[in-house]
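This report walks through selected parts of one model. Sheets come up first, then helices, then the ligand shell.

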Amino acid sequence: MDTIASTPTHCPYCALQCGMNLTPLAAGGVEVAERPDFPVNRGALCGKGRTAAAVLSPAVRLTSPLVRSGGRLVETSWAAALDLLAERLGSTREAYGADALGVFGGGGLTNEKAYALGKFARVALGTSQIDYNGRFCMSSAAAAGTRAFGLDRGLPFPLEDIPRTGCVILVGSNLAETMPPSLRFFSELRENGGTLIVVDPRRTRTAEQADLHLAPRPGTDLALALGLLHLVVAEGRTDEEYIRERTTGWEEARAAAMALWPEQVERITGVSVPQLREAVRLFCAPESAMVLTARGPEQQSKGTDTVGAWINLCLATGRAGRPLSGYGCLTGQGNGQGGREHGQKADQLPGYRKLDDPEARAHVAGVWGVDPDALPGPGRSAYELLDALGTDIRALLLMGSNPVVSAPRAAHVEERLRSLDFLAVADVVLSETAELADVVLPVTQWAEETGTTTSLEGRVLLRRPAVAPPPGVRGDLYVLHELSARLGVEKGFPTDPEEVFEELRRASAGGPADYSGITYRRLAEETGVFWPCPESTDEVAHPGTPRLFLDRFATPDGRARFAAVAHRATAEEPDADYPLLLTTGRVVAQYQSGAQTRRVAELNAAAPGPFVELHPRLAARIGAAEGDPVTVTSRRGRATAPARISSAIRPDTVFMPFHWPGEGRANTLTNPALDPTSRMPEFKSCAVRVEVVGPP
Ligand code: SF4
């Protein structure tokens, strides 16, 4: 078969950002092939990555703007769609004020798009009401990392350090399903004599590979971490010199941990004291060790403090800011890291600057050529923004997100979206959220455009176009350019990604996430550049910073800060009406809300729909056999899916993957109780009851 030259680029899905080669085929379509030169995945791809090109097909995607007419979405021209959208944004602003306009972004948008979207909201619309779906992803880890270290970069070291450390505690992460190629780092760790401890209420495929699996009740990871710290102190395993030289706040954190006895921890978590002691022994024995968290401990209404408790464990044992040691967050979405650095978050400006910091406002306003006093202040967090739709917020522009499936209390969010005066969605496919829109804009995707992403390692990468988009499809930057012009802002929204990146470099210069020394040329020549990477003042370019905190932490005094955190219950504990806990998560063949992966035949065949995983004892109690439809009910609604019976889950817990809409939508059930600091909803734990669906 005739082929054209291949293009090295990166997967559109998760934050591992695996390298791949794309080759357009003369007969049509695109071939995805291994790219062994990229050090993170060394050619390996999971099923999602291997089949990613299927979503490029016009057969499964949007190829024309749509407008609602007579209750239906019908094709229209770009000019008509943009005219209508600009007119409705303008008239809503005139009637209700700028904060009646909402903007909702996504962790899959490139850095350039995230940057431009944040600027568009604050400069072209003048609204403070912008946030993005990454709030639902790693915001608790970001808040805890910033509190402890003065800086949040998911992993402060490259993945290649993992095989050389002595022990890793992996908390609430099912890498075997979410990012399978990363498992090799943990296999190599064990081959090198290191140990792996997995903390997860389910015996997942990841937990099966562990030397020790701890299975706490959902929502009790904070107590578990406190119990481990208690034993570290009681057994004299703290690193007193490190604590003295490199940290502050130890006495308060120590007192908080010592207030909770291991026997109490056993009662709260269900993890036995001997298991706790074994975990402490494995973690403290080697010279170096790491704690890595993911959504399990983070997606809780106490997520920030839960991650803080795990960071405390690292600090008390001298395991942060030292070679081959530290705390890291495994960010989930493709550009979850970059997405939170460049201004689409409600409280952030580009460069990971704080929106309420006068110096930061002055710097960014200078780059944007606007009056700093004219920049809006911080707005609502993602769930709070969605909850305000139809009341305080009358019109919404949504880019690259599908909250009808992915938001907590999803039926309520869907109802709020329906109540809007005007909803516009820019997306690749007609997602469940786009189906509700008044205007839908079909936009280009990963293999059709240039742009940068920042992986979970803080490695900035260049995506390159391999194919032309279908006629009728335009870029997100084009959308923002055209809308801003129609709203009377003629300059400042270029359509060329490199031009946007050049401005992003200036806006980030001197900030915590400094990209000023990174250029497209460098990214094309290197296998990514780790931020911070300031622009060099001499002839030698700054090499980037793969490892953070080795000399000092990014706090004003250079010391890491312990957090005095105490155990507290989840927002919703089981009771007589709702006696079980629901926890939600992912399966290997689907990605996030499934908007893209549910359109890929091979992935759908592997994971065709939702299920309710329950323990054999629970199944026997309610009379459920494998495959029987069961209904899960929480205080927010009901979801029905086939039973999947497995002794891998605790008898007091049921699990549902959240990738599907409709009657099996797991997020119909989840609790929007928010963490007070990160504003993360409690996806990982809510009280439910489970019943077999009777005959009609
Ligand atoms: Fe893509 Fe993530 Fe799979 Fe790699 S692990 S191929 S980045 S979905």
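Pro24 stands opposite Val30 in β3. In the same strand, Glu31 is faced by Thr23. The model is predicted. Strand β2 covers residues 19–24 and pairs with β3 in the antiparallel sense, over 4 bridges. The two strands form a hairpin with 5 residues between them. Gly28 lies in the turn and has a positive phi of about 105°.

Which residues of β3 are buried, and which are not? Val30 and Val32 point to one face and are buried. Glu31 and Ala33 point to the other face and are not buried. In a regular strand, side chains alternate between the two faces of the sheet.

The hairpin belongs to an open sheet of 3 strands, ordered β1-β2-β3, with antiparallel pairing. Its edge strands are β1 (7–10) and β3 (30–33), and each pairs on one side only. From one strand to the next, the twist averages 35°.

**The seven-stranded sheet**

Another open sheet has 7 strands in the order β5-β4-β18-β17-β16-β6-β7, and its pairing is mixed. β5 (72–75) and β7 (130–132) stand at the edges. Each has a single partner strand, so one side of each is left without a neighbour in the sheet. Here the twist averages 20° from one strand to the next. Helix α3 (residues 111–125) packs on this sheet and touches β6, β7 and β16 (395–399). The direction of α3 makes about 175° with that of β6.

Strand β6 (residues 101–105) pairs with β7 in the parallel sense over 3 bridges. Val103 has Ile130 of β7 as its bridge partner.

**Buried helices**

Helix α4 (residues 139–149) is largely enclosed by the rest of the structure, because 11 of its 11 residues are buried. Among them are Ser139, Thr146, Arg147 and Phe149. What do the buried residues of α4 pack against? The partners are β12 (290–293), α12 (295–298), α13 (303–316), β13 (326–329) and β22 (560–561).

Helix α7 (residues 221–234) is mostly covered, with 12 of its 14 residues buried. The buried set includes Asp221, His230 and Val232. Its length also fits expectation: at 1.5 Å a residue, the 14 residues should span 20 Å. The end C-alpha atoms of α7 are 20 Å apart, which agrees.

Glycines with positive phi occur at these places:

| Residue | Place | Phi |
|---|---|---|
| Gly28 | turn between β2 and β3 | about 105° |
| Gly150 | just after α4 | about 80° |
| Gly236 | just after α7 | about 70° |

**A residue of α2**

Ala80 has its place in helix α2 (residues 78–96). Is Ala80 buried or partly exposed? With 13 other C-beta atoms within 10 Å, Ala80 is partly exposed. Along the chain, Ala80 and Val67 are 13 residues apart. Their C-alpha atoms are separated by 8.9 Å.

**The ligand shell**

How many residues lie around the ligand? There are 14, of which Cys11, Cys14, Cys18, Cys46 and Gly49 come nearest. By character, the shell divides into 10 nonpolar residues, 3 polar and 1 charged.

Notes: Residues are numbered from 1 along each chain as its sequence is written. A residue is near a molecule or strand if its C-beta atom, placed from the backbone, lies within 6 Å of it. Ala, Val, Leu, Ile, Met, Phe, Trp, Tyr, Cys and Pro count as nonpolar, Asp, Glu, Lys and Arg as charged, and the others, Gly among them, as polar. Two strands pair if DSSP finds at least two bridges between them. Axes are lines fitted to C-alpha atoms, for helices over the stretch in contact, and angles run from 0 to 180 degrees between N-to-C directions. The expected span of a helix is 1.5 Å times one less than its number of residues. A residue is buried if 20 or more other C-beta atoms lie within 10 Å of its own, exposed if 12 or fewer, and partly exposed in between; C-beta atoms are placed from the backbone. Two residues are in contact if their C-beta atoms, placed from the backbone, lie within 7 Å.
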